[in-house]
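Me: I'm new to this structure and would like a close look at one part of it. Could you take me through that part slowly, in plain words?

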Amino acid sequence: MAPQVLRLDWFYLHVYPLIQMWSPGAVWALLIGISGVIIIAPWSPPAKELRPAVVDLENCNGCKRCVDDCPFGAVEMVPRTDGTSYAQQASVNSDLCVSCGLCVGACPTATPFRSRSALIPGIDLPDRSAADIRQDIVEHAEPVSANPRVLVFGCEDDREAARLRRAGANVITVMCMGHLQPSNFDFVLSRNHADGILLLGCQDGNCNYRLGAEWTEQRIARERDPRLRKRTDTTKIALAWQAPWSDHRDPVAMYEAFRATLRDRLAEGEAVTS
Ligand code: SF4
Ligand code: SF4
């Protein structure tokens, strides 16, 4: 018996306009190509993974802050193996480490003020080291004539950070805002590398690494170690915490508003360097 009703399969509807525009052979070639990509996807090589955090015993004093701040339980304290007077040392479980850098942000030895030319903290990310970040800060310093000079820190792969960079902002990316040891902010302002700092991070509950925004807020508020130094003017540090993918998120507007605030302060003759 001939079918009385022919139901449309909505899933395939997107191909119909192409049938009108292309030859049948071209449409089949496209569909076979897409199917082939989907079929071989499980066997395609994985995206390049960042290497896990590494401990440098020479610089680890056994303070345990990295253990307290790692959101993934990837660091533990173990008995010291190098014969120094410290009882314990940090040890990273590379199977659990997601290379977020929050442990580096917690480590007191990850300060950019260290005079050693090679900045090697007690714990660090081999693919985005504390020394790399310090070098980026120095290299991104704008001439004093750029008024006001705002340095933006954004999360790696954050489309908003990329958008701000395209808009002409001075952007440095790190794994997460919690990757930044707070002395980096002191370093930027006290060494006059910028007049203000904008942190472009994710709102509570949206941090890819769970606690990056929370730890950053607490460190800047001097409620959590390592605390921001008291001499650092926190009004020159703007936290732009927004939910990623939010339609209301407009990093360019936030950036311009912060610049305007700084510009007003400079015009009022307020000292912008500490
Ligand atoms: S925070 Fe740094 S110094 Fe402290 S235990 Fe961890 S690696 Fe060692
Ligand atoms: S990089 Fe992240 S996951 Fe790995 S040890 Fe440090 S805080 Fe934990």
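**A close look at strand S5 and its surroundings**

Me: I'd like to zoom in on S5. How many of the residues of S5 are buried, which residues cover each of its two faces, and which strands does S5 pair with?

Reply: Happy to, and one thing up front: this is a predicted model. S5 covers residues 150–155. Six of the six residues of S5 are buried, so the rest of the structure largely encloses this strand. You can check that on both faces: Val150, Val152 and Gly154 are buried on one side, while Leu151, Phe153 and Cys155 are buried on the other.

Now for the neighbours. S5 runs parallel to S7, and five bridges join the two. Along that pairing, Val152 stands opposite Leu198, and Gly154 stands opposite Leu200. S5 also pairs with S6, again in the parallel sense and over five bridges. If you want a spot to look at there, find Cys155, whose bridge partner in S6 is Val174.

Let's step across to S7, which spans residues 196–202. S7 is mostly covered too, with seven of its seven residues buried. On one side the buried residues are Gly196, Leu198, Leu200 and Cys202, and on the other they are Ile197, Leu199 and Gly201. From S7 you can carry on to S8 (residues 237–242), since S7 and S8 pair in the parallel sense over six bridges. Cys202 has Gln242 as its bridge partner in S8.

It's worth pausing on Leu198. Leaving out residues up to four places away in sequence, Leu198 touches Val150, Val152, Ala238, Ala240, Tyr255 and Phe258. The largest nonpolar core has 58 residues, and Leu198 and Val152 are, together with Cys103, the members that touch the most others. As a general point, nonpolar side chains tend to be buried together in soluble globular proteins.

Cys103 is a handy link to another place, because it is counted among the residues nearest ligand 2, along with Cys70, Ala74, Cys97 and Cys100. In total, 14 residues surround ligand 2. By class, that shell has twelve nonpolar residues, two polar ones and no charged ones.

Back to S5, because a helix sits against it. In helix H6 (residues 159–166), the buried residues are Glu160, Ala161 and Leu164. Seen down the axis of H6, these buried residues fall within an arc of 105°, so they line one face of the helix. In general, an α-helix has 3.6 residues a turn, so residues three or four places apart point the same way. What covers the buried residues of H6? The cover includes S5, S6 (170–174), S7 and helix H9 (251–267). Just after H6, have a look at Gly168, which takes a positive phi of about 100°.

So, to put the picture together: S5 is buried in six of its six residues, with S7 paired to it through five bridges and S6 paired to it through five bridges as well. S5 is also among the elements that cover the buried residues of H6.

Note on methods: Residues numbered from 1 in each chain as written. Chains lettered and ligands numbered in written order. Predicted model: local features only at pLDDT ≥ 70, side-chain atom pairs only at ≥ 80, totals over all residues. Near = placed C-beta within 6 Å. Nonpolar A, V, L, I, M, F, W, Y, C, P; charged D, E, K, R; others polar. Buried ≥ 20, exposed ≤ 12 C-beta atoms within 10 Å, placed from the backbone. Helix = DSSP H or I, 4+ residues; strand = E, 2+ residues; numbered from the N terminus. Arc of directions from axis to C-beta. Contact = placed C-beta atoms within 7 Å. Core = buried A, V, L, I, M, F, W, Y, C linked by C-beta atoms within 7 Å. Pairing = 2+ DSSP bridges.
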